[in-house]
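Here is a short briefing for a newcomer. Keep the sequence and the model in view while reading.

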Amino acid sequence: MIVNINGKIFDQHEAKISIFDRGFLYGDSIYEVTQTFNRTPFMLEEHLDRLWRSAQKLHLKLTYSRKQITDEILKTIDALDTDRAYIRLIITRGEGEINLDPTIAIKNNLIVIAKELPPNPTWWYEQGVSVIVADTIRTSIKSVDPSAKSGNYLNNIMAYEEAVSQKAFDAIMLNHEGLVTEATTSNIWIVQDTKILTPPLEAGLLGGTMRAKLIEIAKKHQITVFQENFNAKELRMADECFLTSTTRQIVPVTTIDSNPVGDGKPGKTTLSLLQLLRKELGIH
């Protein structure tokens, strides 16, 4: 693992930032995660587009240009020198006095973390994973908008802790109206009577780049995806369920709250979409 901090590359044990950085003090930062396929970052432009949207939502002024950020990401990938890498880009508001006033920080800290990414476990796709519906409610759009990918992640951590305590793979979070939003680090989808659904952004969730890619691929193959609300009861009654994220791709969900989804095996539609996605991305 290596870390690029403001253009300088360090070994993971040597990488340091100030304890007065607002990302450390307040979670006052934004970030993106992608991976490389054959040393090429997946949907980098789309990730940077979302980074800029996150910055706007948090009124975080970016002191690095898009080209500078791109160059640092590519430089870090070259330095790591591996085909498949996990890439985490973090931009904090910067350093300043211990004060909530965001104008105190005048220059961002830019961090790129890169590490070799091993293959995902095959059992994810062959057996599927278990999830729970968390008691922890997703942060409201009127609070810290979940569509901003910020370093303030405690809401998701609390939900994930629930999953860990129940020995589940992940937790599904509802909004204040009891509607499904997303998992802690993934978007969620269901299949009911051959109808493919995923919650709309208005439910209060992060629009994942893999979510967008799958919608694009489905449309290309004349497969309709419905962005519609559904509640926890409808989630549990689904014929199929799966998660999507940049690093996980499509992961079948076969158990929700200890109850089987459908016949308890990865669904045909889920596996068909996974095959289409891998073909599109050139993954074997």
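Phe-169 is buried, because its relative accessibility is 14%, below the 20% cut-off. The model is a predicted one. The points below start from Phe-169, then turn to a sheet, the helix lying across it, and a pair of crossing helices.

**Around Phe-169**
- Phe-169 sits in a loop. That loop joins helix H5 (154–165) to strand E8 (170–174).
- Ile-132 lies 37 residues from Phe-169 in sequence. In space, their C-alpha atoms are 8.3 Å apart.
- Which residues touch Phe-169, leaving aside its neighbours within four places in sequence? They are Trp-124, Val-129, Ser-130, Tyr-160, Leu-243 and Arg-248.

**The six-stranded sheet**
- Six strands make up an open sheet, and their pairing is antiparallel. The order is E2-E1-E6-E5-E3-E4.
- Strand E2 (8–11) and strand E4 (40–41) are the edge strands. Each of them pairs on one side only.
- Strands of a sheet pair through backbone hydrogen bonds, in a parallel or an antiparallel way.
- Strand E1 (residues 2–5) pairs with E2 over four bridges, in the antiparallel sense.
- Ile-2 has Asp-11 in E2 as its bridge partner.

**Helix H3**
- Helix H3 (residues 66–80) lies across E1, E2, strand E3 (29–37), E4, strand E5 (85–92) and strand E6 (109–116). H3 runs at about 30° to E6.
- H3 has 15 residues. From first C-alpha to last, H3 reaches 21 Å, close to the 21 Å expected at 1.5 Å a residue.
- Which residues of H3 are buried? They are Ile-69, Thr-70, Glu-72, Ile-73, Thr-76, Ile-77 and Leu-80.
- These buried residues are on the same side of H3, because they cover an arc of only 160° around the axis.
- Lys-67 and Asp-78 are exposed, on the other side of H3.
- Asp-81 follows H3 and has a positive phi, near 60°.

**Helices H6 and H8**
- Helix H6 (residues 209–220) and helix H8 (residues 268–281) have axes that come within 10 Å. The axes cross at roughly 100°.
- H6 and H8 are therefore roughly perpendicular to each other, since that term covers angles from 65 to 115 degrees.
- On the H6 side, the contact is made by Met-210, Lys-213, Leu-214, Ile-217 and Lys-220.
- On the H8 side, Leu-273, Leu-276, Leu-277, Glu-280 and Leu-281 take part.

Methods. Residues numbered from 1 in each chain as written. Predicted model: local features only at pLDDT ≥ 70, side-chain atom pairs only at ≥ 80, totals over all residues. Heavy atoms only, no water. Helix = DSSP H or I, 4+ residues; strand = E, 2+ residues; numbered from the N terminus. Buried < 20%, exposed > 50% of the residue type's maximum accessible area, 1.4 Å probe, protein only. Contact = heavy atoms within 4.5 Å. Pairing = 2+ DSSP bridges. Axes fitted to C-alpha atoms, helices over the stretch in contact; angles between N-to-C directions. Expected span 1.5 Å × (residues − 1). Arc of directions from axis to C-beta. Parallel < 35°, antiparallel > 145°, perpendicular 65-115°, else oblique.
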